[in-house]
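Subject: Handing over a structure, with notes on what was found

Dear colleague,

I am passing a structure on to you, together with some notes to read beside it. Please look at the sequence and the structure first, and then go through the notes at your own pace.

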Amino acid sequence: MASYRYERDIKPEDLIQETPPPLTPAQQRANWWHYHWYYVVLIAAALLAVGYFVWNRVTEVQPDYTVAVVSRTDPDTAFLSQLETQLEALAGDVNGDGKVKVTVKGIWLALDFETQDAALQRLMQSSEDKLNSDFYLCESALFIVDDPTTMEQRYGCFQTLDGTDPEEGDVLSVADFALPLQDTALANDVQSESSTLWYAARRLNEGMNADAAAALNALWEKLV
């Protein structure tokens, strides 16, 4: 039986595939885009994200001071905002960027949380971690607190009013390291509108560099 090729009268040369004509530059670009457009979009998105991050970091106003408000109840955002505004009116431009910026952050920390229920204990442990991180990184120079006695007893975190760190074993009273906010420049604008009795205290000198300590002392002098 004759093969199918001969029955169809197909010549050998008919089986040779024709070489396709070379692509024009426009066709080459279209072909490349067809197979690579997804990667181009991903790279462009990554570059935009990096550009936004860099732009945000460059243009972001860095704080001259960071202040922590540590309270037995969740600090009121209006109080934090008011405190920030009043402190910015007193503070100086420490970092020399031409702007005065004070960041006030609230930490809700009931210092007797070990006696509370399990859910509150977990929440307070998270707040304590946040506070310990602040101490370790020397983020906040000034503290506004509503329980200064327990804060000092638990953490030993404040310098005395004369600007020195207490010696190991010293037993301090509140009058040794903190001032009622009502006795500071914030009395009329901040303390008068709060039902909580607040105290101002400076973090330990230990861990602070000389510039940070000098900036803190300058702000403290304006407060008192």
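A good place to begin is Thr66, which is found in strand S1, and please keep in mind throughout that the model is predicted. Thr66 has a relative accessible area of 18% and, because the cut-off for a buried residue is under 20%, Thr66 counts as buried. If its neighbours within four places in sequence are set aside, the residues in contact with Thr66 are Thr103, Lys105, Glu139, Ser140, Ala141 and Leu142.

Two of the residues in that list, Lys105 and Glu139, come up again among the salt bridges, of which a search of the whole structure finds five. Glu139 and Lys105 form one of them, with their closest N and O atoms 2.6 Å apart. Glu139 belongs to the loop between H4 and S3, whereas Lys105 is part of strand S2 (residues 102-108), so this pair ties together parts that lie 34 residues apart in sequence. The two partners can also be described by their accessibility: Glu139 is partly exposed at 36%, while Lys105 is buried, with a relative accessible area of 17%. The pair does not stand alone, since Lys105, Asp134 and Glu139 are linked in a network of salt bridges.

The loop between H4 and S3 also holds Cys138, and the backbone deserves a look at this point. Most residues other than glycine have a negative phi, but phi of Cys138 is near 55°, which is a positive value in a residue that is not glycine. Cys138 is partly exposed, its relative accessible area being 25%.

A further salt bridge joins Asp146 to Arg72, where the closest N and O atoms are 3.7 Å apart. Asp146 sits in the loop between strand S3 (142-145) and H5, and Arg72 in the loop between strand S1 (65-71) and helix H3 (77-90), so that parts separated by 74 residues in sequence are tied together by this pair. Asp146 is buried, with a relative accessible area of 9%, whereas Arg72, with 42%, is partly exposed.

Which helices does the salt bridge between Arg154 and Glu128 link? The side chains of these two residues meet with an N to O distance of 2.9 Å, and the pair connects distant parts of the chain, with Arg154 in helix H5 and Glu128 in helix H4, 26 residues apart. Of these partners, Arg154 is partly exposed at 31% relative accessible area, and Glu128 is buried at 14% relative accessibility.

That brings me to the way these two helices are placed. Two packed helices are described by the angle between their axes and the distance between the axes. For helix H4 (residues 118-137) and helix H5 (residues 148-155), the axes come within 13 Å and cross at roughly 70°, and because angles of 65 to 115 degrees count as roughly perpendicular, that is how H4 and H5 are described relative to each other. The crossing in which H4 passes H5 is right-handed. On the H4 side the contact is made by Glu128, Leu131, Asn132 and Phe135, and on the H5 side by Met151, Arg154 and Tyr155. Sorted by class, the contact of H4 with H5 consists of four nonpolar residues, one polar residue and two charged residues.

With best wishes,
A colleague

Notes:
Residues numbered from 1 in each chain as written. Predicted model: local features only at pLDDT ≥ 70, side-chain atom pairs only at ≥ 80, totals over all residues. Heavy atoms only, no water. Axes fitted to C-alpha atoms, helices over the stretch in contact; angles between N-to-C directions. Helix = DSSP H or I, 4+ residues; strand = E, 2+ residues; numbered from the N terminus. Parallel < 35°, antiparallel > 145°, perpendicular 65-115°, else oblique. Left-handed = near helix turned anticlockwise from the far one by under 90°. Contact = heavy atoms within 4.5 Å. Nonpolar A, V, L, I, M, F, W, Y, C, P; charged D, E, K, R; others polar. Salt bridge = Lys/Arg side-chain N within 4 Å of Asp/Glu carboxyl O. Buried < 20%, exposed > 50% of the residue type's maximum accessible area, 1.4 Å probe, protein only.
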